[in-house]
Structures are given as structure tokens and as C-alpha cells.
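I opened the model today to look up how two of its chains meet, and afterwards how one helix is packed. My entries follow in the order in which I made them.

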Amino acid sequence: MLSSEHAELVALVEKMPAFPKSVQRVVQLTSNIDVSAKEIVQVIECDPVLTVKILKVINSAFYGLSQKINSVQRAVVHIGLNTVKNLAMSVAAMGMLKNSNQANFSATAFLLHALTTAAISRKLAERAGLSQQECSDSFVAGLLHDFGKVVFAEFMPERFRLALAKSREDNVSLHLTELEFIGINHAEAGTLLAEKWGLSELLIEAIRHHHGRPVNAFGECLFAANQISKHLHFGDAGNPVVEAFPEAIADRFGMPLEALIEDLGDLRFMLKEAELFVKL
Amino acid sequence: MKFKFWGVRGSIPTPGPQTVKYGGNTTCIEIRTNRNELIILDAGTGIHALAQTLLRDMPITAHIFITHTHWDHIQGLPFFLPIFFKNNRINLYGGQDPVTDENINRALSAQLQYSYFPIHEAQLKARIDYLTVRPGETVSVGSARITPIILNHPVLNFGYRVDCDGASLFFTGDFESPINIYQPEDDNYASYRGFLLEKHQEIIEAMQDVDALIVDSSYTDEEYATRLGWGHGTYRSGIKLASEANAKRLFLTHHEPTRTDADLDLIYRDLLEQHPRFADKLFIAREGLEVCF
């Protein structure tokens with residue numbers, strides 16, 4: 001992918017609509033003047049596009065905050081609920097992502113993968129003894145880690161369709177076939193966007209390395225959560241390959257992937273919660 | 001430094017026999033530095049009477065800082081007469097709205113549209129400059145330093161701290177202290193509380209030790225119970241802010257539009273009774289009230 005295409009991609013994403021259920025909920029909730037604030041916040045926190053829109057605003061140079069903010073809740077405290085609500089409404093007014101697109105990429109299945117990866121990532125961060133803030137940030141990392149795929153499906157569906165098909169047929173990791181057909185993989189595209197939007201280094205690095213070698217415990221939790229979600233077939237973000245834990249990650253949790261899944265107990269409630277949120 | 005109230009009413013102008021003492025114009029505060037530099041906080045309808053006093057001194061330079069773009073804080077802008085005379089310089093300061101990405105020039109140009117006003121923006125004769133301010137970034141105006149901070153309201157709202165001539169003033173614009181959106185039994189309650197405390201601390205630091213704290217105190221506690229989230233403070237919340245920030249004088253403003261002179265007199269008497277510590281430093285803002293430091 002050329003650098004001019006990078007710039008074009010960033011511009012296109014500005015107009016990207018949110019997921020169908022959250023658009024529907026935002027419209028429904030905001031038509032009620034007495035809407036519960038926590039319901040609005042929950043809708044935003046469970047939609048990658050809405051979350052990105054809010055984080056982009058709060059982390060913009062305009063606010064000059066010394067510390068990056070990864071939390072929608074914290075953004076609400078800083079710029080006010082009504083402003084956040086109106087930002088969400090402006091995204092909702094752009095329409096909604098289609099569930100099926102020319103790339104044959106299901107938005108619903110994707111969102112189930114993103115939400116369960118988010119929940120598992122937070123659980124692993126707690127298990128790894130990360131700070132309260134990092135635990136909550138790890139949910140955001142899970143939600144946003146595959147953002148690049150939604151962008152591919154929306155803006156370069158034909159090339160992404162070929163990458164998805166080859167990945168499925170040859171059982172090759174999707175990020176490799178993306179490189180072949182698009183010239184950039186979703187981790188790189190997500191990193192590029194996260195940098196452009198001024199998200200925190202913690203999130204940027206976790207997104208960058210979620211198929212490589214994570215650089216810290218935070219990234220390792222995301223890597224592991226992604227594999228666990230795929231192994232348990234919670235949703236589907238198009239990649240059939242479950243990667244074994246690299247040594248550092250196995251060391252972090254003191255066991256390999258299958259043993260960790262066993263040790264975490266029944267996680268199906270996470271899928272159920274995500275389904276409740278996603279299904280129209 | 002000295003300042004004077006030209007408008008103290010919230011929401012809508014309320015002229016009439018019931019508001020003669022405190023006044024019915026919406027928000028406008030004039031500040032003069034010792035070097036006679038002119039700073040104006042908000043351009044509610046009170047700015048019209050202020051403008052009358054400036055005509056004899058033209059050409060003038062005025063620095064108008066807008067807290068937020070709700071009508072009662074900008075409605076007087078087209079009636080700020082110096083904009084119609086050449087050689088006047090008007091600097092209009094305000095924020096960039098995160099939802100619309102619009103800057104403060106929109107507040108004036110929107111009002112000067114054909115349907116709403118007979119004179120078009122291009123026909124104004126004064127030199128008008130629009131300046132976007134950012135939270136935490138101090139702006140120098142002559143000998144004064146003005147620092148904005150975002151305060152909670154249903155639209156982007158800046159509180160402004162003005163430091164000048166060894167004195168200081170803080171005006172909240174419209175402000176409701178944000179509340180926890182979660183219930184104590186919710187998982188997010190504690191972390192949200194932490195975010196609120198952090199923001200509150202930032203606000204108190206911005207107001208710390210000011211000579212005059214001017215706060216939105218629209219409601220009584222009883223009224224506030226049914227107006228949560230409307231974006232305004234109470235008499236109680238104003239006094240709490242002044243105590244925590246160690247403000248030397250507290251001015252309660254943005255009077256609720258149905259509040260009569262008699263109501264405000266009664267409220268003032270009760271507040272002084274309930275807060276004897278504030279006996280010599282608590283004031284109800286009224287049009288024409290001038291304070292020198």
C-alpha cells in the first residue's frame with residue numbers, strides 16, 4: 001500500500017459508520033430526553049467506531065491533556081455527557097455498517113470476536129496483576145485490535161475478500177494473506193489509524209504487535225485473549241488460525257494456551273453477554 | 001483591576017417590575033485592568049448597556065471571552081455597537097466545539113444571517129479577530145492573563161481565570177458539578193468516582209485563592225432535585241466551591257429567570273444566616289455592581 005493510500009484511508013475512516021445495533025440504540029436512547037447516562041456510555045464502550053470517535057476527540061491536541069485517555073468514562077467527565085452523546089449521535093447519523101458486504105465479512109461475527117476478546121483481555125490483565133487502569137484499558141485494546149479489518153471490508157472489499165478466501169482455504173493467517181493482496185495487514189492499518197487519532201502508546205503498541213511479539217504484559221494479555229476467543233469460536237473475525245503462545249506469553253501465564261483456557265473456567269457467559277449486545 | 005456586572009440573568013432576559021433591583025439582562029461582565037484594558041466575559045444582553053458607555057471613548061479595543069455559545073451568553077454580540085464603527089478592534093475568544101468543529105466566529109456569523117439580522121457580517125466596520133482558546137493554555141491580554149478550563153455543561157463551556165495587577169477573578173460561565181452516572185452497586189462506580197475527584201481537584205486548583213469567584217448558582221436545592229443534568233449549579237454548590245478554593249469573595253449569578261428581586265433578597269438573607277462565615281464575602285450579583293481590588 002502506498003503512503004498516498006494511507007492518507008486516503010485515514011480520510012475515508014472519518015466517515016465510517018458504526019455497527020448496526022449501536023446505531024439503533026444511540027438513536028433510540030437519544031430520542032429520550034431523560035436517557036440514562038450509563039446506558040449511553042455502555043453503547044459507546046461496546047462499539048469500536050463510537051469508542052474511537054470519542055477517544056480521538058479527547059486525545060486531540062485541542063485538549064492538550066498531559067496523559068492520554070483510553071476510557072470513554074473519563075472522556076465523559078472531561079467534556080461532559082451531552083457533548084459525548086452528541087458526538088455519538090453525529091456518528092449514528094452517518095448510517096450503519098452493513099452486516100454483509102462485498103468482502104463477505106460479517107460485521108456481527110466481527111463484533112462478537114472484538115467484544116469477547118475485550119472481555120477476556122481484561123480478565124487476563126486482572127489475572128496478570130496489572131493496574132486497575134491498565135485492566136480497563138485492556139478492554140479497549142481488545143475492542144479495537146482488529147479495527148483494520150473493518151476498514152478493509154468497508155473501503156477495499158474486493159482485495160479483502162481475496163485475502164479472507166485464501167486465508168480460509170489454505171488455513172494461513174489472515175494477516176499474511178492481507179499483506180499479499182492489500183500490501184498492508186490489519187495490525188499495521190490499525191496501528192496507523194491509532195497513531196493518527198492520537199491514542200495512547202499502550203494501545204498503539206498492543207495493536208501493532210497482536211500478531212507478533214508483544215512488548216509488555218498489556219500486549220501479551222491482548223495476544224492471549226485474541227487466541228482464546230478464536231479457539232473457543234466466539235464470533236469470527238475471518239482468521240482461521242489459532243496461534244500457539246510464544247514462550248514469553250506461556251511464561252507470563254505459567255502455561256500454554258489450552259491449559260490457560262481450562263484454567264479460566266467457563267467463558268461462555270462472555271459470548272452470551274456480547275450476543276445480547278450485538279443482536280438486533 | 002476592577003469588574004462590573006452588566007447582566008446577571010440566566011437563560012432569557014427578564015425585564016419588568018419584579019427584576020428592577022438585580023436586573024433582567026443575561027450574562028455580561030466588564031473587567032478593566034489598571035491600564036484600562038477592556039476584557040468582557042460573555043456577550044449576553046447586558047453587553048448592550050455596556051456598549052453605550054464605550055461610544056465616547058472610540059476607537060476602542062475590546063477582548064470578549066465567550067464561556068459557551070448558548071443564546072443567553074452570545075445574544076448581545078450583534079448589539080455590541082463598537083462592531084459597527086471603523087478603527088475599533090474586537091478580539092472574540094472562545095473554544096472549538098468538539099461536536100461541530102466550529103470556532104467562535106460561528107456565534108456571530110450565525111446571528112448575522114439575513115433572516116435574523118439586517119446587517120451582514122461583511123458589513124461590520126470594526127476589525128474583528130476570532131481567537132480559539134484551549135483549556136489550560138493561558139492567553140495574555142495586555143497586563144492580564146486569562147486561563148480557560150472546561151467546566152461541565154451541556155455544551156463546551158469554559159470557566160475563565162483572570163490574573164492581573166496582583167489580583168484574580170474566576171468566572172464559571174454555566175456550570176453543574178458532574179455527578180456519578182453509576183450507582184454504588186455498579187462495577188464502574190468506584191473508578192468513575194476517581195475520575196470525578198480528579199476533575200474536581202483540577203477545578204479547585206484553577207479557582208484557588210481568587211479575590212473574586214463568580215459562579216452559576218441558578219437553583220435552590222429543591223429546584224435542583226428536578227433539574228439534574230441541566231448544567232447549572234446551586235447556591236449550596238457555589239458556597240462549597242468558594243470554601244474549597246479559599247476564594248476571598250463569592251458572587252452568585254445566573255439568576256433563574258422566574259426569580260424576583262424579593263426572592264433573591266430572601267435567599268440572600270437565608271444564606272447569610274446559614275453561613276455566618278461568609279457574612280462579609282458573599283454577594284448576589286446585580287446589574288451595576290462594581291468591585292475594585
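I looked up the area buried between chain B and chain A (the accessible area, 1.4 Å probe, that two parts lose on being put together, summed over both) and found about 2,000 Å², of which carbon and sulfur atoms give 61%. In chain B, the residues that lose the most area to chain A are B:Val99, B:Ile181 and B:Phe195, together 26% of what that side buries.

This is a predicted model, in which local features need pLDDT of at least 70 and side-chain atom pairs count only at pLDDT 80 or more, while totals for chains, interfaces and linings use all residues. I note that residues are numbered from 1 along each chain as its sequence is written, that chains are lettered from A and ligands numbered from 1 in the order in which they are written, and that side-chain values use heavy atoms, with hydrogens and water left out.

For contacts (heavy atoms within 4.5 Å), I found 26 residues of chain B touching 22 residues of chain A.

I then looked up salt bridges (a side-chain nitrogen of Lys or Arg within 4 Å of a carboxyl oxygen of Asp or Glu), and the count between chain B and chain A is 2. B:Glu198 forms a salt bridge with A:Arg74, with the closest N and O atoms 2.9 Å apart.

Turning to helix 16 of chain A, residues 257–264 (helices are DSSP runs of H or I, at least four residues, numbered from the N terminus), I found its buried residues (under 20% relative accessible area, 1.4 Å probe, protein chains only) to be A:Leu257, A:Leu260, A:Ile261 and A:Leu264. They lie on the same side of helix 16 of chain A because they cover an arc of only 100° around the axis, taken from the directions from the helix axis to the C-beta atoms.

Methods: Buried means under 20% relative accessible area, exposed over 50%, partly exposed in between (1.4 Å probe, protein chains only). Helices (H or I, at least four residues) and strands (E, at least two) are DSSP runs, numbered from the N terminus.
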